[in-house]
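Colleague: Could you take me through the backbone angles of this model, with each term explained as it comes up?

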Amino acid sequence: MTRRERLMNALRGEPVDRPAVNFYEINGTEDVSGGDPFNIYSHPSWKPLIELARDKTDRTVMRSVPFRDKQPDPTAELTATATEHDSRGNRFTTFTLRAGTRLLTRRTKRDPDINTVWTLEHLLKNEEDARAYLELPEPQFSGTPDIQKILELERELGETGIVMIDTPDPLCMAAELFSMEQFTVIAMTAPELFHRLLERFARLVQPRTEVVAKALPGRLWRIVGPEYAAPPYLPPHLFYEYVVKYDRPMVEAIQKHGGFARLHAHGRIKDILDHIAATGCMGLDPIEPPPQGDVELKYVREKYGDQFVLFGNLEANDLENLETADFMLKIERAVREGASGKGRGFVLMPSACPYGRVLSRKTLANYEKMAAMIAQ
């Protein structure tokens with residue numbers, strides 16, 4: 001069975017020769033050149049892992065789909081962006097948006113040795129900012145999906161894996177406008193206002209999902225954002241309000257065209273599993289074990305395995321810090337619970353990947369233990 005066949009069989013709930021093994025973000029397509037000072041993968045410590053992912057794992061390569069012929073953003077003339085660097089090479093980007101009489105500002109930082117963007121100042125600070133933002137001209141959905149790069153990547157992957165289309169949901173787009181503290185306050189105390197934000201983004205993301213799903217039928221998708229409404233941030237009834245209502249049309253569009261919608265939600269998901277199932281999605285990741293999460297993989301398999309392909313459930317913290325013998329026990333348990341019993345497929349996968357410039361030898365050894373499952 002080829003790696004592509006194994007993944008597709010897992011998605012369809014059909015028999016496989018062994019559980020699929022995937023390194024999540026690390027898939028063997030990473031750029032190892034040294035031209036970009038912010039490219040951590042150029043460090044030599046990453047090379048063995050990238051080659052291992054390319055040559056051995058069941059690859060799911062995440063990509064978003066760009067659009068061409070889009071209408072211009074009606075707020076473009078109200079925005080400005082400035083970039084500066086400090087003496088340590090950190091990059092600071094300041095984005096401003098004029099909303100009526102208010103000047104909204106977002107400021108981010110990127111460290112050349114850390115593969116993430118830190119938001120130092122969020123665009124919206126309070127309800128007044130949110131109301132001003134909602135008064136701005138609303139971008140209209142338009143354009144045609146440019147699928148050529150996806151098709152080229154699929155040809156390049158051949159039988160070694162599949163492309164996974166990556167998209168935020170309306171909750172992701174709305175919540176990221178605020179600090180986490182301010183988001184939870186507004187979501188709890190001003191639900192009517194927050195629904196207005198979600199509806200604004202839904203008018204973009206839902207039709208976009210429909211046209212991409214039609215242009216690229218039968219693909220795996222990852223929908224990012226539901227975890228913002230998971231406990232302990234918000235109570236389960238608000239997860240239903242802010243996720244199910246807005247994600248279900250996305251899921252339906254994807255699966256109407258033969259695709260597979262996978263919801264991404266870190267953390268405590270036990271009390272919202274019924275709501276996740278209510279979206280109609282066919283996959284779930286990363287199903288983190290206690291104490292990072294609050295549900296065992298065995299429980300999810302028994303209760304929801306008929307609906308979900310399970311992706312997980314190795315914790316990234318364990319991947320980086322456990323001694324290899326102890327990490328092997330985690331692998332064995334995940335495979336035992338995820339791949340046994342009734343239900344659809346299982347993909348052994350960590351919850352995230354390291355984001356520092358230097359990959360430790362211990363972490364590489366733990367990845368190698370995951371890959372050793374392939375030979376069994």
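Modeller: This is a predicted model in which local features need pLDDT of at least 70, side-chain atom pairs count only at pLDDT 80 or more, and totals for chains, interfaces and linings use all residues. Residues are numbered from 1 along each chain as its sequence is written, and side-chain values use heavy atoms, with hydrogens and water left out.

Colleague: Which residue does a cis peptide bond join to Gly312, and in which strand is that residue placed?

Modeller: Most peptide bonds are trans. The bond from Gly312, however, is cis, with omega about -15°, and it leads to Asn313. Strands (E, at least two residues) and helices (H or I, at least four) are DSSP runs numbered from the N terminus, and the one that holds Asn313, residues 309-314, is β13.

Colleague: What is omega for the cis peptide bond that joins Pro290 and Pro291?

Modeller: Pro291 lies in the loop between β12 (283-286) and α10 (297-304). The cis bond that joins Pro290 to Pro291 has an omega of about 5°.

Colleague: Is Ile287 buried or exposed?

Modeller: Ile287 is also placed in the loop between β12 and α10, and its phi is positive, near 50°. Buried means under 20% relative accessible area, exposed over 50%, and partly exposed in between, with a 1.4 Å probe and protein chains only. Because its relative accessibility is 0%, Ile287 counts as buried.

Colleague: Is Asp69 buried or exposed?

Modeller: Asp69 sits in the loop between β3 (67-68) and β4 (79-85), with a positive phi near 60° although the residue is not glycine. Since its relative accessibility is 62%, Asp69 counts as exposed.
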